[in-house]
Amino acid sequence: MRVINLGPDPSLAYRLNLAPETKKEHYRNFQKGSVAQHVYNTYKLMHTNQNVDFVKQKHLEWRGCNHAEMTMMDAIMSLDNLVDESDPDVDFPNSFHAFQTAEGIRKEHPDKDWFQLVGLIHDVGKVMALWGEPQWAVVGDTFPVGCAFQSSIVFRDSTFLENLDDSNPSYNCKYGIYTKNCGLDNVLMSWGHDEYLYHVLQFNKCSIPKEGLSMIRYHSFYPWHSQGDYMYLCDDNDLQMLPWVQAFNKFDLYTKVDDLPDVETLRVYYQSVIDKYCPGILKW
């Protein structure tokens, strides 16, 4: 496995500095403002190095869940030390975004505590960045590897030029190593916090419904749930899960505002939901 160094990892120095904007057209704006170059650099590193060999190696490194043992709430609060450098919409720690998302869901779905929990924990896999993984292997939009990189991927035209798989005829065709409608469960996704948390929950036998697990695993797969791409890899189950992932996305994206939640007040309620679905000390 060859990892190309394009200079200092943006995650070592970059911290977002955004003016507060809440209109929908201002979200996921990768072209304007002071963050654009830093975000681009993170995606450049990601799109250069995330290939089949790299992803397989990360599965071996992380799916054994032998890096730490802690509760879900401890993992959430550890995100106070992280600002996601691929996200042009936030300049505050991920733990605040976690409670913002959960509260947005609770307001509209008071009867679905598992949905609220997904909002709370969906980004917890970013703890990998606190344990030494560079952010380009943790954050940002995800995409399949092992088949052609489609134009729906952010910065597609300029950031894959040095990705070895992009010139490999076994990987750079439409289906690559996959077959039509094989199902996303059989597709290797670029490695990041979505895939990692999904496997942590499976490893620890957490009882979140399959709809919630799909939200967690694919919420960063914007080429699919927002651009309608890669449908040729989907099976019937994926198509059934897609509306749930899309329903989650509006809370993930449009609850990113500067009105920060009172985390200490909310912790009691959300601890009870954690205890129901992800109790005790988990292996990470």
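In helix α8, the buried residues are His193, Asp194, Glu195, Tyr196, Leu197, Tyr198, His199, Val200 and Leu201. Here "buried" means under 20% relative accessible area, while exposed means over 50% and partly exposed is in between, using a 1.4 Å probe and protein chains only. That's nine of the eleven residues of α8 (residues 193–203), so this helix is largely enclosed by the rest of the structure.

Before we go on, a word about the model. It is predicted, so local features need pLDDT of at least 70 and side-chain atom pairs count only at pLDDT 80 or more, while totals for chains, interfaces and linings use all residues. Residues are numbered from 1 along each chain as its sequence is written, and side-chain values use heavy atoms, with hydrogens and water left out.

**The overall layout**

The protein chain has twelve helices and two strands. Helices (H or I, at least four residues) and strands (E, at least two) are DSSP runs, numbered from the N terminus. If you walk along the sequence, the pattern reads α-α-β-α-α-α-α-α-α-α-α-α-α-β. Of the 284 residues in the protein chain, 58% are buried. Now for contacts, where contact means heavy atoms within 4.5 Å. Take the contacts in the protein chain between residues at least 6 apart in sequence: 81% of these join residues at least 24 apart.

**Back to α8**

What do the buried residues of α8 pack against? Their partners are α2 (52–62), α3 (72–78), α5, α6 (127–130), α9 and β2 (281–283).

Let's zoom in on tyrosine 196, which lies in α8. Its relative accessibility is 1%, so tyrosine 196 counts as buried. Leaving out residues up to four places away in sequence, tyrosine 196 touches Trp62, Gly125, Val127, Met128, Trp131, Trp191 and Trp284. Pick valine 127 from that list: tyrosine 196 and valine 127 are 69 residues apart in sequence, and their C-alpha atoms are 9.7 Å apart in space.

**How α5 meets two other helices**

Helix α5 (residues 113–121) and helix α9 (residues 210–218) have axes that come within 10 Å and cross at roughly 20°. Axes are lines fitted to C-alpha atoms, for helices over the stretch in contact, and angles run from 0 to 180 degrees between N-to-C directions. Angles under 35 degrees count as roughly parallel, over 145 as roughly antiparallel, 65 to 115 as roughly perpendicular and the rest as oblique. So α5 and α9 are roughly parallel to each other. On the α5 side, Trp114, Phe115, Val118 and Ile121 take part, and they meet Glu211, Gly212, Met215 and Ile216 in α9. This contact splits into six nonpolar residues, one polar and one charged. For that split, Ala, Val, Leu, Ile, Met, Phe, Trp, Tyr, Cys and Pro count as nonpolar, Asp, Glu, Lys and Arg as charged, and the others, Gly among them, as polar.

How do α5 and helix α12 (residues 263–277) pack? Their angle is about 105°, with the axes 10 Å apart. That makes α5 roughly perpendicular to α12. Asp113, Trp114, Gln116, Leu117 and Leu120 of α5 make this contact with Tyr269, Tyr270, Val273, Ile274, Lys276 and Tyr277 of α12. Here the tally is eight nonpolar residues, one polar and two charged.

**Some positive phi values**

Most residues other than glycine have a negative phi. Here are some with a positive one:

| Residue | Phi | Place |
|---|---|---|
| Phenylalanine 155 | about 60° | loop between α6 and α7 (156–159) |
| Lysine 205 | near 55° | after α8 |
| Tyrosine 230 | near 60° | loop between α10 (222–225) and α11 (236–254) |

Phenylalanine 155 counts as buried, at 13% relative accessibility. Tyrosine 230 is buried too, at 0%.

**The cysteines**

A disulfide is a covalent bond between the sulfur atoms of two cysteines. In this model, a pair of cysteine sulfur atoms within 2.5 Å counts as one. How many disulfides does the structure hold? Zero. For cysteine 173, the closest cysteine sulfur is in cysteine 147, 8.3 Å away, which is too far for a bond. Cysteine 173 is partly exposed, at 35% relative accessibility. Cysteine 234 is in no disulfide either, with the nearest cysteine sulfur, that of cysteine 182, 8.6 Å away. Cysteine 234 is buried, with a relative accessible area of 2%.
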